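Hi everyone, thanks for coming along. I'd like to walk you through one model this morning, and please stop me whenever you like.

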Amino acid sequence: MKILVVDDFSTMRRIIKNLLRELGFNNIDEADDGQTALPKLQAGGIDFLVTDWNMPGMTGIDLLKAVRADPALANLPVLLVTAEAKREQIVEAAQAGVNGYVIKPFTAQTLAEKIEKIFERVDG
Amino acid sequence: MSSRSEIKIDARLEQAKSLVKALENGDGGLAEGLINELAEMSQNEMFQEVGKITRRLHDSMNQFGLDARISELADKDIPDAKERLNYVITMTDQAAHATLTAVEELLPVAEGLNDRSNKLLEQWGRFQQREMPYEEFRNVSKEIAGFFEYSASTSEIISKKLTEILMAQGYQDITGQIIRRVIQLVQDVETNMVELIRLSGGMNEGDQKKQNEPELAGPVVPTLATGDSVQSQDDVDDLLSSLGF
C-alpha cells in the first residue's frame, strides 16, 4: 500500500506521515501541491491519496477532479484534509467524488477512522 | 470656457472703470464698495475651484471603486484581520502548552524508566559475576518480570504523549494559512492607499487602473518585483512623505 500525501505545509505533511506510520502504512510519498502530485499519481503505483485543498499552483479540489477524469486513476481513494469548512465546499468535494473529508485541526483518531472507513468501502 | 472668461473680464473691466470714476469723483464710499465686490468675485471663484476639485476626487474614487473598498477595509477587513491574528495567538498558545504539558509528563516517565533499568543493570551485573545469593536472585527475577510489564505500559504512555506533541504541531499549517490572508489584506490596504494618494495628487486621472489583478496575488516577493507595485513599507512611507503626509 503506497500513499501520496499532498500539502503545501511541510509540517502538516510530516504530521500526516507520522500518523500513517503509526497506523502501519510505511510506504509514503509526498508532494506540495496538485501540480507536483499529478505526475506522481500518473506514474502509477499509488494506492491512496491524502490531499489538502488550499494550495498554490493546483488546489486539492482540482487535483481530485483531474484524478477522477483520468481513466487510470478514476477509482483511486482520495481523502481531503483541509481547513476549508464551508458547506458548499464540502458539497463540491463530494460531487467531485471525494472519499473522505477531514477538517483541520483534526485528531489522530479522526484521521484513523476516516481512513478505515474508506478502506472498508473500497474493499467491500 | 473662453467665452465665460471673456464675460468675467468684461464684468471686471466695467467695475474697474466705475472704480476709477468713483475715485476721480472723490466718492470714497462707492470706491470701497467696488473694491469689496471685486475681492468677493475672486473669492467665489476660488471656492468654486475647491468645490470642483473635491467633486473630481470624489468621482474618481467612485469610478475606481476606492470609496467602497476603503470603507469595506475599515469596517470589515481590518477588524477581521485583528480577529484572525488574535486567533493565531490563541492557537500558538494552545499548541505550545499542549507540547510543554506532554514534555513535562514525559520527563518523569523517562526518568523512572532510567532509574529502574539502572537498578536492574547493577543487579544483573552482580548475578553475572556470581555474586548473588539464590534468595536475592529469586527476587531479582520477579523484578525483571515486573520491569517488562512496566516498560510495555511505559512505552505506551510515551507513544501516546509523542502523538499529542505531533498533533499539536498542526497549528503551523492553520496559522500559516491565516497569516497569509492577513498579508494579502495588508497588501490590499497598501494598494488602496497608494491609489487614493495618486488620485488626491491629481495625477493622471485618466490612467487605466489595472483592474482585477489576480485575486490571490499574495505577498510581494522581492525577486519577482515589478515596477508598478510598491515593494515594501518603506516605499509606501516614502511615497506618503513625498506627498506631505
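I'll start with chain B as a whole, then move to a helix in chain A, and finish with a pocket and a few single residues.

One thing before we begin: this is a predicted model.

So, chain B. It has six helices and zero strands, and reading from the N terminus the order of elements is simply α-α-α-α-α-α. Of its 245 residues, 22% are buried. If you take contacts in chain B between residues at least 6 apart in sequence, 75% of them join residues at least 24 apart. The accessible surface of this chain comes to about 17300 Å², and carbon and sulfur atoms account for 57% of that.

Now please look over at chain A, at helix H5, which covers residues 108–123. From its first C-alpha to its last, this 16-residue helix reaches 22 Å, close to the 22 Å expected at 1.5 Å a residue. Which residues of H5(A) are buried? They are Leu111(A), Ala112(A), Ile115(A), Ile118(A) and Phe119(A). Looking down the axis of H5(A), you find these buried residues within an arc of 130°, so they line one face of the helix. Turn to the other side of H5(A) and you meet Gln109(A), Glu116(A), Glu120(A) and Arg121(A), which are exposed. And what covers the buried residues? The cover includes helix H1 (10–22) of chain A, along with strands E3 (48–51), E4 (78–82) and E5 (100–103) of that chain.

Let's step back into the loop between E5 and H5 of chain A, where Pro105(A) is found. The peptide bond from Lys104(A) to Pro105(A) is cis, with omega near -5°.

Pro105(A) also brings us to the second largest pocket, which has a volume of about 180 Å³. Thirteen residues line this pocket, and the closest to its centre are Pro105(A), Met91(B), Met167(B), Ala168(B) and Tyr171(B). Which helix gives the most to the lining? That is H3(B), with four residues. At least two lining residues each come from H1 of chain A and from H3, H4 and H5 (171–200) of chain B.

Staying with H5 of chain B, I'd like to show you two of its residues. Gln177(B) is found in this helix. Is Gln177(B) buried or exposed? Its relative accessibility is 10%, and buried means under 20%, so Gln177(B) counts as buried. Setting aside neighbours within four places in sequence, Gln177(B) is in contact with Phe9(A), Asn54(A), Ala83(A), Glu84(A) and Lys104(A). You'll remember Lys104(A) from the cis peptide bond to Pro105(A).

The other residue is Ile179(B), also found in helix H5 of chain B. Ile179(B) is partly exposed, at a relative accessible area of 35%. Its C-alpha is separated by 7.7 Å from that of Arg84(B), although the two residues are 95 apart along the chain.

My last stop is the loop between helix H3 (66–128) and helix H4 (134–168) of chain B, where you'll find Arg130(B). Phi of Arg130(B) is near 55°, which is a positive value in a residue other than glycine. With a relative accessibility of 77%, Arg130(B) counts as exposed.

That's my tour, and I'm happy to go back to any part of it.

Terms used: Residues numbered from 1 in each chain as written. Chains lettered and ligands numbered in written order. Predicted model: local features only at pLDDT ≥ 70, side-chain atom pairs only at ≥ 80, totals over all residues. Heavy atoms only, no water. Expected span 1.5 Å × (residues − 1). Buried < 20%, exposed > 50% of the residue type's maximum accessible area, 1.4 Å probe, protein only. Arc of directions from axis to C-beta. Contact = heavy atoms within 4.5 Å. Areas by Shrake-Rupley, 256 points an atom, 1.4 Å probe, with all protein chains shown as cover. 1 Å grid on protein atoms, 1.4 Å probe; cavity = no way out; pocket = protein on both sides within 12 Å on 5 of 7 lines; lining within 4 Å. Points joined across faces, edges and corners; volume = space filled by probe spheres on them.
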